[in-house]
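This report describes the fold of one protein chain, the way its helices pack, and the surroundings of selected residues. Please consult the sequence and the model alongside the text.

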Amino acid sequence: MTDNELLEKRLEILEQINRISSFCLCDNTNTKQSCEHCEKMKSLGDQLLKLIKPRKIIKSDGTLTEGVMVERRKRSKPKEFTIEEYLLARIKGLTDTQFASTVSMGSRTFVRWKSNNLKEINRVKKKMKVK
C-alpha cells in the first residue's frame with residue numbers, strides 16, 4: 001500500500017470511530033464492562049494500529065533501519081489472596097502498601113478492594129480475634 005492509500009484507510013477508520021462514538025452513552029472507563037459500541041471501536045482501533053508504519057531507527061553508525069512495532073504491554077494480574085491471608089500479613093506487621101506489593105497489586109486497587117470487602121474483613125477479624 002502506498003502512503004496515500006494508508007492515509008485514506010486510516011482516515012476512513014477514524015470517521016467510523018467518530019460515528020460510533022456519538023452512539024456510545026456508557027462510561028467506558030471500566031474496561032471490564034463495555035457496550036457493543038465500545039467493542040466495535042476497540043476492533044477499529046486495533047485495525048488502525050496495524051496500519052501505522054514502523055518508525056525508522058538510526059543506529060549508532062548512522063545507518064537507517066526499519067523499526068519494529070512495539071506490542072502493547074499486557075498488565076500482570078494480581079495474585080489471588082483471601083481475607084485470612086491479608087489479616088495474617090497484618091498480624092505479621094505488614095502495612096497495606098507492603099501487602100499490596102506482595103500480591104502484585106497497585107495501592108489504589110488495593111484500597112478499592114479493601115473498601116469493597118471491609119464488612120467481610122471485620123467479620124473475619126472478629127472470628128480470628130485480631131485487633
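The sections below proceed from the overall architecture to helix packing, the nonpolar cores and individual residues.

## Overall architecture

The structure discussed here is a predicted model. The protein contains six helices and two strands. Read from the N terminus, its elements follow the order α-α-β-β-α-α-α-α, with the two strands placed between a pair of helices and a run of four helices.

The protein has 131 residues, of which 18% count as buried. Among contacts between residues at least 6 apart in sequence, 46% join residues at least 24 apart.

## Packing of α1 and α2

Two packed helices are described by the angle between their axes and the distance between the axes. Helix α1 spans residues 3–21 and helix α2 spans residues 36–50. Their axes come within 10 Å and cross at roughly 165°. An angle over 145° counts as roughly antiparallel, and α1 and α2 are therefore roughly antiparallel to each other. The crossing of α1 with α2 is left-handed.

On the α1 side, the contact is formed by R10, I13, L14, Q16, I17, I20 and S21. These residues meet H37, K40, M41, L44, G45, Q47 and L48 in α2. By class, the contact of α1 with α2 comprises seven nonpolar, five polar and two charged residues.

## Packing of α3 and α6

Helices α3 and α6 pack at an angle of about 65°, and their axes are 10 Å apart. The crossing of this pair is right-handed.

From α3, the residues I83, E84, Y86, L87 and L88 take part in the contact. Their counterparts in α6 are E120, I121, V124, K125 and M128. The contact of α3 with α6 divides into seven nonpolar and three charged residues, with no polar residues.

## Nonpolar cores

In soluble globular proteins, nonpolar side chains tend to be buried together. The largest nonpolar core of this model has 13 residues, and F81, Y86, F99, F110 and W113 touch the most other members. Four elements give two or more residues to this core: α3 (83–91), α4 (96–102), α5 (107–116) and α6 (118–128). The largest share, four residues, comes from α3.

A second, separate core has ten residues, among them I17, I20, C38 and L48. Of these, I17 and I20 also belong to the α1 side of the contact with α2, and L48 belongs to the α2 side.

## Residues around the largest core

Which residues does Y86 contact, leaving aside its neighbours within four places in sequence? They are D96, F99, F110, W113, K114 and I121. Y86 and I121 also appear in the contact between α3 and α6.

F99 is found in helix α4. Its relative accessible area is 5%, so F99 is buried. Not counting residues up to four places away in sequence, F99 touches F81, E85, Y86, A89 and F110. The C-alpha atoms of F99 and E85 are separated by 9.7 Å, and the two residues lie 14 residues apart along the chain.

## Helix α4 and the region leading into α5

A100 also has its place in helix α4. Is A100 buried or exposed? A100 is buried, because its relative accessible area is 1%. Leaving aside its neighbours within four places in sequence, A100 is in contact with M105, G106 and F110. A100 and F110 are ten residues apart in sequence, and their C-alpha atoms are 6.1 Å apart in space.

The loop between α4 and α5 holds S104. Most residues other than glycine have a negative phi. In S104, by contrast, phi is positive, near 55°. S104 is partly exposed, with a relative accessible area of 37%.

S107 has its place in helix α5. S107 has a relative accessible area of 45% and is therefore partly exposed. The C-alpha atoms of S107 and T97 are 5.9 Å apart in space, while the two residues are ten residues apart in sequence.

Note on methods:
Residues are numbered from 1 along each chain as its sequence is written. This is a predicted model: local features need pLDDT of at least 70, side-chain atom pairs count only at pLDDT 80 or more; totals for chains, interfaces and linings use all residues. Side-chain values use heavy atoms; hydrogens and water are left out. Axes are lines fitted to C-alpha atoms, for helices over the stretch in contact, and angles run from 0 to 180 degrees between N-to-C directions. Angles under 35 degrees count as roughly parallel, over 145 as roughly antiparallel, 65 to 115 as roughly perpendicular and the rest as oblique. A crossing is left-handed if the near helix is turned anticlockwise from the far one by less than a right angle, and right-handed if clockwise. Contact means heavy atoms within 4.5 Å. Ala, Val, Leu, Ile, Met, Phe, Trp, Tyr, Cys and Pro count as nonpolar, Asp, Glu, Lys and Arg as charged, and the others, Gly among them, as polar. A nonpolar core is a set of buried Ala, Val, Leu, Ile, Met, Phe, Trp, Tyr and Cys residues joined through side-chain atoms within 4.5 Å. Buried means under 20% relative accessible area, exposed over 50%, partly exposed in between (1.4 Å probe, protein chains only).
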